[in-house]
Amino acid sequence: MALPTEMAGTDTANGREGCDVTLCTVPTESIHSRIRRVHQRATAMLSEALAAFNLTAPQWAALAALHQHGPMSQIDLGRSIAMDPATMQGVVVRLIDRGYLLRSPDSLDRRRNLVRLADSGRQVVEAAGPAIAQAEAELTGRLSVDERSRLAELLARLCA
């Protein structure tokens, strides 16, 4: 991958020959910095919304994925939410300890364990859902409906 100073384009006004003006900005204006700042803001808003339910963002991601997709192996759950196996193990154990998840052997492959929502896990997802939706609405409140949709599409492409 080319570094910003290796990109085509010219910014002779600032003495940056051969540098793409959009990529050779002050670090706080770079795409990376802006994504980092939005991530910080989104994480803070999500954490605040989840605090009332005594959940962390990784716990919420696991619960929401199981609510949306149903039972799955712990490995598949981790992959679906981009969580490494060691972290996923800790999240699953804590959610089992709290009574939100159940783990049982896969009937098709006894070597695998499946995790699924317990009734209390489903209840906490349904209770927390509106608070999460409100946090997301606040985060994207300055955007039109079309801009929100476009942002979601662009983020999905960047995550692929």
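## A greasy patch on the outside

Let's start at the surface: Ile31, Ile35, Leu143, Leu151, Leu155 and Leu158 come together as a nonpolar patch, and their combined accessible area is about 540 Å². Two elements, α1 (31–51) and α6, each supply two or more residues to this patch. The top contributor is α6, which gives three residues. Keep in mind while you look around that this is a predicted model.

One of the patch members is leucine 151, which you'll find in helix α6. Is leucine 151 buried, exposed or something in between? Its relative accessible area comes out at 32%, so leucine 151 is partly exposed. That value sits over the 30% relative accessible area asked of a patch residue.

## The overall layout

Stepping back, the protein is built from six helices and three strands. Read from the N terminus, the order of elements is α-α-β-α-α-β-β-α-α. The chain has 160 residues, and 26% of them count as buried.

As for the outside, the protein exposes about 10800 Å², with 56% of that coming from carbon and sulfur atoms. Then there is the matter of how far apart in sequence the touching residues are. Take the contacts with a separation of 6 or more: 40% of them are between residues 24 or more positions apart.

## A three-stranded sheet

The three strands make an open, antiparallel sheet, and the order across it is β1-β3-β2. Why is one side of β1 and of β2 left without a neighbour in the sheet? Because both stand at the edges, where each has a single partner strand.

Now for the pairings themselves. Strand β1 (residues 72–73) runs antiparallel to strand β3 (residues 113–117), and two bridges join them. In one of these pairs methionine 72 faces valine 115 of β3, and serine 73 has leucine 114 as its bridge partner in β3. On the other pairing, β2 (residues 101–105) meets β3 over five bridges, again in the antiparallel sense. Here arginine 103 stands opposite valine 115. So valine 115 turns up in both pairings, across from methionine 72 and across from arginine 103.

## Glutamine 74, right after β1

Helix α3 (residues 74–80) is where glutamine 74 belongs. Is glutamine 74 buried or exposed? With a relative accessible area of 14%, glutamine 74 is buried, since the cut-off for buried is under 20%.

Which residues does glutamine 74 touch, once neighbours within four places in sequence are set aside? The list is Met88, Gln89, Val92, Arg103, Asn113 and Val115. Two names there, Arg103 and Val115, should be familiar as the pair that stand opposite each other in the sheet.

## Two loop residues with positive phi

Most residues other than glycine have a negative phi, so a positive one is worth a look. Asparagine 54 has a phi near 55°, and it isn't a glycine. This residue lies in the loop that links α1 to α2 (57–69). Its relative accessibility is 56%, so asparagine 54 counts as exposed.

Alanine 82 also shows a positive phi, near 55°, without being a glycine. You'll find alanine 82 in the loop between α3 and α4 (85–97). Alanine 82 counts as exposed because its relative accessibility is 74%.

## Threonines 87 and 140

Two threonines round off the tour. Threonine 87 sits in helix α4, and at 35% relative accessible area it is partly exposed. Along the chain, threonine 87 and proline 58 are 29 residues apart, but their C-alpha atoms are separated by 8.9 Å.

Threonine 140 has its place in the loop between α5 (119–139) and α6 (145–159). Despite the loop setting, threonine 140 counts as buried, because its relative accessibility is 12%. What lies 2.9 Å from a polar atom of the threonine 140 side chain? That would be the backbone oxygen of glutamate 136.

Technical notes
Residues numbered from 1 in each chain as written. Predicted model: local features only at pLDDT ≥ 70, side-chain atom pairs only at ≥ 80, totals over all residues. Heavy atoms only, no water. Helix = DSSP H or I, 4+ residues; strand = E, 2+ residues; numbered from the N terminus. Buried < 20%, exposed > 50% of the residue type's maximum accessible area, 1.4 Å probe, protein only. Polar contact = N/O pair within 3.5 Å; in protein donor to acceptor, adjacent residues only side chain to side chain. Pairing = 2+ DSSP bridges. Patch = residues over 30% accessible without salt bridge, like charges linked within 9 Å, V, L, I, M, F, W, Y side chains within 5 Å. Areas by Shrake-Rupley, 256 points an atom, 1.4 Å probe, with all protein chains shown as cover. Salt bridge = Lys/Arg side-chain N within 4 Å of Asp/Glu carboxyl O. Contact = heavy atoms within 4.5 Å.
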